[in-house]
Amino acid sequence: MVSVTLPLTDTLTETAASTTADTLTAPGEVVHAADSPDAPWWRDAVIYQVYPRSWADADGDGMGDLPGITARLPYLRDLGVDAVWLSPFYVSPMHDAGYDVANYRDIDPRFGSLDDADAMVAEAHELGLKVIVDLVPNHTSSEHAWFRAALAAGPGSPERARYVFRDGRGPDGEEPPNNWPSVFGGRGWTRVTEADGTPGQWYLHIFDVTQPDLNWEHPEVVAEFHDILRFWCDRGVDGFRVDVAHGLVKREGLPDWHGKVGLYDEVDADAGPTGEGRDAQQPHSSAGEVLDHTATGASPMWDQDGVHEIYRGWRKVLESYGLPDRILCAEAWVTPAHRLARYVRPDEMHQAFNFDFLDAHWDAGALRTVIEASLRSNDDVGAPTTWVLSNHDVVRHASRLGLDQSLPRPNGIRAGDPQPDAVLGLRRARAATALMLALPGGAYVYQGEELGLPEHTTMPDSFRQDPTFHRTSAKVTGRDGCRVPMPWVKGAPSNGFGPGDTPWLPQPDAYADLAVDQQEGVAGSTLELYRALLEYRRKHRFGHGSLTWDALSSDTVIALRNTAGDGERTLLVITNLGADPVTPPPGEVLVASGPLTDSGAVPTDTTAWVRLPVA
Ligand code: NOJ
């Protein structure tokens with residue numbers, strides 16, 4: 001365990017919050033000090049996200065599964081990551097791709113069995129990989145035994161008390177208890193029909209109607225999740241990615257809210273019950289804007305102070321297992337960085353996804369500001385910073401960075417939308433990843449980004465499964481385009497995803513040439529770039545290193561020095577977002593995200609790692 005004694009105040013320093021491009025630390029002064037050489041595994045881990053439906057399909061039913069994952073684990077060892085995080089594989093009706101859990105202690109038959117899960121964990125450990133599983137505590141599926149019991153038991157029952165049931169407003173209770181919308185569009189409340197056939201109470205679902213929110217003030221809910229943590233720790237998992245970690249506690253009294261709500265796109269609290277009237281063409285706001293405490297004030301459904309006590313309890317459960325540490329990583333779309341850092345205080349979670357980094361535009365000033373603010377905020381609480389560019393909820397960065405950077409990040413891209421510039425997007429994505437993997441802390445890699453996979457931007461609507469698409473009457477495209485099955489072997493059925501010809505989502509034509517077998521051993525391929533970056537990062541322990549800005553930094557250039565965790569090497573990282581090539585000082589170019597100029601300069605949209613001579 002890390003033993004850092006730090007104040008557990010709720011008011012962390014405001015310095016990080018006020019980091020702007022104008023207040024960045026001067027070149028040569030330490031922004032972030034190196035980690036101790038014997039720091040625990042998770043402080044610099046690179047964690048690879050597997051989306052089980054779409055990684056590898058062993059039985060040929062068109063959907064990925066645990067035996068498929070187990071068979072492909074050597075690929076991850078060879079890639080050079082430290083751990084794998086699996087999105088949910090639990091029993092689920094799959095109304096939100098498994099984030100609607102009907103049984104937290106069993107595997108959905110589509111993915112396999114508990115024996116398959118045990119075999120997967122054992123094989124990962126054999127290969128030296130840790131395993132992180134997804135935990136979904138904000139809501140269950142409406143098919144969970146507790147929710148079924150709640151519906152059957154009726155108003156005022158102990159069964160209903162585990163969820164957020166309320167009487168409606170208006171003379172006959174026909175209006176929902178408050179005006180909260182669902183993140184996926186439409187109302188955040190649904191009225192039930194009671195056993196006697198009469199219209200009854202309403203239940204809260206911040207997400208889909210099939211995802212009723214749990215009542216985290218109820219001791220049985222708290223105890224149940226302690227037990228679920230133990231169930232999976234006893235099976236050998238090394239940690240948990242915590243879904244919607246900022247949402248479990250709602251403000252007392254559930255007051256109306258007229259601000260923004262969205263996690264993935266702009267959802268207006270005053271939109272109509274089905275989301276009609278919302279302008280699908282308007283730019284979507286980033287989660288940062290939505291949840292910025294300084295800009296909009298805290299919404300009553302996110303980032304309430306009460307969530308922290310829950311995670312203090314979980315930390316104790318995990319620590320009872322001793323060494324090596326088992327970890328918690330918060331999926332919390334919370335900004336600014338010093339609010340997010342409250343989730344990773346020494347007695348809470350270990351990591352939190354850094355979505356400010358993912359949300360930053362391809363702009364040197366914006367990126368430097370986010371990098372510095374993130375490091376300073378996490379340093380304030382003694383936690384490592386994490387870095388992430390893609391996941392199963394956002395447009396893949398190889399496509400996102402090929403879009404007009406003056407517009408906010410969209411929630412999905414469809415054939416009729418402005419299409420990303422694929423060449424530009426991939427060039428920038430490679431540069432962004434090379435920047436990310438040079439930064440101190442942990443990093444998350446989303447399956448297929450190591451192949452440079454683009455978003456599927458022309459998927460026919462008939463395939464779409466994201467509840468956002470359906471709940472907004474197709475006004476918001478949603479996340480299916482980033483969840484398309486992996487191409488392993490060009491020309492094989494479903495490009496080697498599995499023996500069947502028809503994966504659950506269709507692959508775009510571009511995936512064949514990007515298949516693993518087309519890139520393995522090919523100099524300059526994106527796969528070999530990732531392997532090289534990960535190898536150097538691990539060898540020189542750059543994840544444990546320190547960070548200072550280099551004097552080459554400018555409005556269009558990010559230049560940083562990472563004095564590596566091995567204490568011997570200084571890495572100069574240059575990411576050039578400007579038009580003019582940047583000439584590095586003398587040193588050895590370890591790796592570059594694209595070709596350098598004939599004179600060895602770093603051209604636009606390129607990152608180079610330069611090992612400086614020992615002074
Ligand atoms: C966040 C998950 O990443 C997302 O996929 C899911 O839809 C929501 N939480 C609801 O569980």
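## Strand β11 and its partners

In this predicted model, β11 and strand β12, residues 351-352, pair in the parallel sense over 2 bridges. Within that pairing, Q351 of β12 is the bridge partner of C329. Strand β10, residues 239-242, is also joined to β11, by 4 bridges, and these two strands run parallel. Here G239 stands opposite I327 of β11.

The side chains of β11 divide between two directions: I327 and C329 point one way, and L328 and A330 point the other way. All four of these residues are buried, so each falls under 20% relative accessible area.

## Cis peptide bonds on either side of β11

Two cis peptide bonds are found in the loops that adjoin β11, each with a proline as its second residue. The bond between L323 and P324 is cis, with omega about -10 degrees. P324 belongs to the loop between α7, residues 307-319, and β11, residues 327-330.

The other cis bond joins T335 and P336, and its omega is about 0 degrees. P336 is placed in the loop between β11 and α8, the latter spanning 337-340. Most peptide bonds are trans.

## Residues with positive phi

Most residues other than glycine have a negative phi. M94 is not a glycine, yet its phi is positive, at about 65 degrees. M94 sits in the loop between β4 (90-91) and β5 (103-107). Its relative accessibility is 9%, so M94 counts as buried.

D605 is likewise not a glycine and has a positive phi, about 55 degrees. The loop that holds D605 runs between β18 (588-592) and β19 (606-612). D605 counts as buried because its relative accessibility is 3%, and the cut-off for buried is under 20%.

## The ligand and its surroundings

The ligand is surrounded by 14 residues, and the closest are D96, R241, D243, H392 and D393. By class, this shell has 7 charged, 5 nonpolar and 2 polar residues.

Which residues place polar side-chain atoms beside an oxygen atom of the ligand? Among them are H139, with a polar side-chain atom 3.0 Å from a ligand oxygen, and D393, with an N or O atom of its side chain 2.4 Å from one. R479 is a further case, with a polar side-chain atom 3.0 Å from an oxygen atom of the ligand. On its own the ligand has 290 Å² of accessible area, and the protein covers 100% of that area.

## The sheet of 6 strands

An open sheet holds 6 strands in the order β1-β15-β16-β17-β19-β18, and the pairing is antiparallel. Which strands stand at the edges of this sheet? They are β1 (30-32) and β18, and each has a single partner strand, so one side of each is left without a neighbour in the sheet. Averaged over this sheet, neighbouring strands are turned by 30 degrees against each other, with direction ignored.

At the β1 edge, 2 bridges join β1 to strand β15, residues 546-549, and the two run antiparallel. V30 of β1 stands opposite T548 in β15. At the other edge, the loop with D605 lies between β18 and β19, two strands that are adjacent in the order of the sheet.

## The sheet of 3 strands

Another open sheet has 3 strands, ordered β7-β9-β8, with antiparallel pairing. Its edge strands are β7 (165-166) and β8 (189-193), each of which pairs on one side only.

β7 pairs with strand β9, residues 199-204, in the antiparallel sense over 2 bridges. Across this pairing, R166 stands opposite W202 in β9.

## A contact distant in sequence

E220 is placed in helix α4, which covers residues 219-234. With 37% relative accessibility, E220 counts as partly exposed; the class takes in values between the 20% limit for buried and the 50% limit for exposed.

How far apart in space are E220 and R162? Their C-alpha atoms are 7.4 Å apart, while the two residues are 58 residues apart in sequence.

How values were computed
Residues are numbered from 1 along each chain as its sequence is written. This is a predicted model: local features need pLDDT of at least 70, side-chain atom pairs count only at pLDDT 80 or more; totals for chains, interfaces and linings use all residues. Side-chain values use heavy atoms; hydrogens and water are left out. Buried means under 20% relative accessible area, exposed over 50%, partly exposed in between (1.4 Å probe, protein chains only). A residue is near a molecule or strand if one of its heavy atoms lies within 4 Å of it. A polar contact is a pair of N or O atoms within 3.5 Å; within protein, one must be able to donate a hydrogen and the other to accept it, and residues adjacent in sequence count only if both atoms are side-chain atoms. Accessible areas come from the Shrake-Rupley method with a 1.4 Å probe; for residues, only the protein chains shown count as cover. Ala, Val, Leu, Ile, Met, Phe, Trp, Tyr, Cys and Pro count as nonpolar, Asp, Glu, Lys and Arg as charged, and the others, Gly among them, as polar. Two strands pair if DSSP finds at least two bridges between them. Axes are lines fitted to C-alpha atoms, for helices over the stretch in contact, and angles run from 0 to 180 degrees between N-to-C directions.
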